[in-house]
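Biologist: Please take a close look at the charged side-chain pairs of this model and at the parts of the fold that surround them. I would like one connected account, with the cut-offs stated as you go.

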Amino acid sequence: MNKPLNKPMKYALYAVGTLILLFVLGLAGIAIFVNPDDYKPQISEIVKENTGRTLTFGGKIGLKLFPRIALDLGETRLSGPGGVGEFASVGHAKLDVAWLPLLHGKMQVDRIEIDGMHVDLQRGKDGKSNFDDLAKGNGAKGEAATTPPGAVSSGRGAGEFDIGGIDIRNSSVSYQDLKAGSRIAIDGIALKTGRLKYGEHTSFTLGFDADSGSGKMRLDVASGLLMKPGSFSLDGMDLKFSRGKISLESKGNATIDTAEKKVSLGLATAIDDSHVKSKVDVTGFSKPAIHFDVRVDKLDLDKYLQNQKAGSSAGTSVPGASTPAASAPEKPFDLSFLKNLDLNGKLAIDSLVVHRLKLSSLSTQVLAKDGKLVLSPFAANLYQGKTSGSITVDARKDLPSFAVRDELAGISVAPLLRDLTGKDMLEGKGNVSLDVNATGNLPGKLKRSLGGKAALRFTDGAIRGIDIAAMLRKLKSGLSGGGAANSSEKTDFSDLSASFLIRQGVAHNSDLDMKSPLLRLGGEGDIDIGASSMNYLARISVVATLEGQGGADLSSLKGITIPLRISGPFDSLKFTPDAAALARGLVKSKIEQKLPGGAGGLLKGLFGR
């Protein structure tokens, strides 16, 4: 048999029951007799007094007290500064607050729902923004602005942060910068989260479309989320991005420490046919210092370069060839972003295609700070050989400068030049050294400002476009041996070397030395890189008979030097041999065969050599 309650306990229960009844009756009275719409003018007036903006309610304000406090807001609009224009609007918003935590002095937001929110951010030509006044805050206002929704501002601490979930849909944000002349629109924003509470794992999804005028893009993110005071981390993150023909999917983890202002990322990314593994650490938000280690299996940059379409539509034309009438005006490139870039990391690419050049096993250390970018050491395999050196870009002055130091060893030059220029100009295998620099913000200016030095040496190759032996045969037969370059013709060599001194885009050479079993070739002249043309005087000497090689026997030319002028634009070079010099040489050779040796001085006076 249950023991009956004593009188004090009964009275206590009666008192509690009475309080609960009064509380419920009070809430019922509020729900029945209080109309939230009656307070619209007062709310608008408070907003006007504190912000100078106009708050307009186009729909009703709904208030429910059971089973939780629910505030339902219809169409609402907030004006711009001074009540001019529209800054933001909401089609529908709902806020649910749980009762029980309120009885313990805590506020737990059960759910926040927003549908059809639109925000218009603007920056004028004077640099002032239409949200500057909202960003300012002092005293109690500033403190309230820094208290996150769902957190208790009564001093109980950040651990009280608790929101049952957020659901934002059909929303958009636009930003127009009249001073910079730019605009970006973010539409179709959809954000959905689970419970947001410090120390409790949850999940979220985010998606939106964006258009900056240069192309539309789409971003979708789904991730696990763990929030702590001053930091949060993402795990199992799945990010999908698309823009035009470019598609990207990235998976991994991220940690953001807002207190220490640090971000750490570990990602595995697929970009079209490329796979990228990256580790990135960022320190500082206003001026971030970025440390990274990025590894790529294969990357074809030609897919993403803006001029790739124009280059491919040119058919067999040579990229960079001298066709000024058909070329579009050059656009200056802006490297001012380097002044704020703080970068330090490693980059490795197993296979790279850029401007048709094919490289493999590329590795480099990247360092960027205070407007200067350095890739050193830079190493890669290419065309059966290797390259090693450094690349420097200096944007600290108004006009950027570039410097390249490179050693190419054991390369096969024919496929390299074919991929780079679209032409077969030279064959062979050997070495090239470069130490060059240039200044400018236009491709043409860079070519015309090029300076430095270069050297090359190739073996067992050929100069394509001219058959010197055939040319000599024609000259000896009294036929014209000159004309334009012919890609089907070539002159073989066993060894070729030359060095160049480059000033203001013109490379000067005076030590050309080409050797073959039949010929020797020297010369002196200029290659105008800026104008894509050359003016060079080569000197040909026959050192062995050509009998048995096809054509007439040229043994009579042995010991004779024939000048050969090479001139014109790169895409239509002209080869002009000096027939008169050949004739003088032949006459001299025949006279020498008939005169005694003491007559050499007389011949020298007659022929000038």
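Modeller: I begin with D495, which is buried at a relative accessible area of 12%; here buried means under 20% relative accessible area, exposed means over 50%, and partly exposed lies in between, with a 1.4 Å probe and protein chains only. This is a predicted model, in which local features need pLDDT of at least 70 and side-chain atom pairs count only at pLDDT 80 or more, whereas totals for chains, interfaces and linings use all residues. Residues are numbered from 1 along each chain as its sequence is written, and side-chain values use heavy atoms, with hydrogens and water left out.

The side chain of D495 meets that of R457 in a salt bridge, with 3.0 Å from N to O, the term being used for a side-chain nitrogen of Lys or Arg within 4 Å of a carboxyl oxygen of Asp or Glu. This pair links distant parts of the chain, since R457 belongs to strand β24 and D495 to strand β26 (residues 486-503), 38 residues apart; strands (E, at least two residues) and helices (H or I, at least four) are DSSP runs numbered from the N terminus. By the salt-bridge rule the count comes to 21, and in general side chains of opposite charge can pair when their charged atoms come close.

The surroundings of β24 deserve some detail. Strand β24 (residues 451-465) pairs with β23 in the antiparallel sense over 11 bridges, where pairing requires that DSSP finds at least two bridges between the strands. Within β24, F458 is the bridge partner of G430. On β23 (residues 426-439) there is also an antiparallel pairing with β22 (residues 401-412), over 10 bridges, and there N437 in β23 is the bridge partner of A403. Helix α7 (residues 413-421) has as its buried residues V413, A414, L416, L417, D419 and T421, and what covers them includes β22, β23 and β24 as well as β19 (357-369) and β20 (372-382), with coverage judged by contact, that is, heavy atoms within 4.5 Å. Just after α7, G422 takes a positive phi of about 80 degrees.

A second charged pair is that of R195 and D162, whose closest N and O atoms are 2.6 Å apart in a salt bridge. R195 sits in the loop between β9 (182-193) and β10 (196-197) while D162 sits in strand β7 (residues 162-163), so the pair ties together parts that are 33 residues apart in sequence. D162 counts as buried at 6% relative accessibility, whereas R195 is partly exposed at a relative accessible area of 30%. The side chains of D162 and R195 are also joined by a polar contact of 2.6 Å, meaning a pair of N or O atoms within 3.5 Å of which, within protein, one must be able to donate a hydrogen and the other to accept it, residues adjacent in sequence counting only if both atoms are side-chain atoms.

R195 has a further partner through its backbone: its oxygen lies 3.2 Å from a polar atom of the side chain of T202. T202 belongs to strand β11 (residues 201-211) and is buried, with a relative accessible area of 9%. Leaving aside neighbours within four places in sequence, T202 is in contact with G194, R195, L196, S223, G224 and L225.

A third pair is R77 with E86, where the closest N and O atoms of the salt bridge are 2.9 Å apart. R77 is partly exposed, with a relative accessible area of 34%, and E86 is partly exposed too, at 40%.

For the wider setting, the chain has 11 helices and 32 strands, and 33% of its 609 residues count as buried. The largest nonpolar core has 85 residues, and those with the most contacts inside it are I468, M471, L472, I540 and L564; such a core is a set of buried Ala, Val, Leu, Ile, Met, Phe, Trp, Tyr and Cys residues joined through side-chain atoms within 4.5 Å. Among contacts between residues at least 6 apart in sequence, 48% join residues at least 24 apart.
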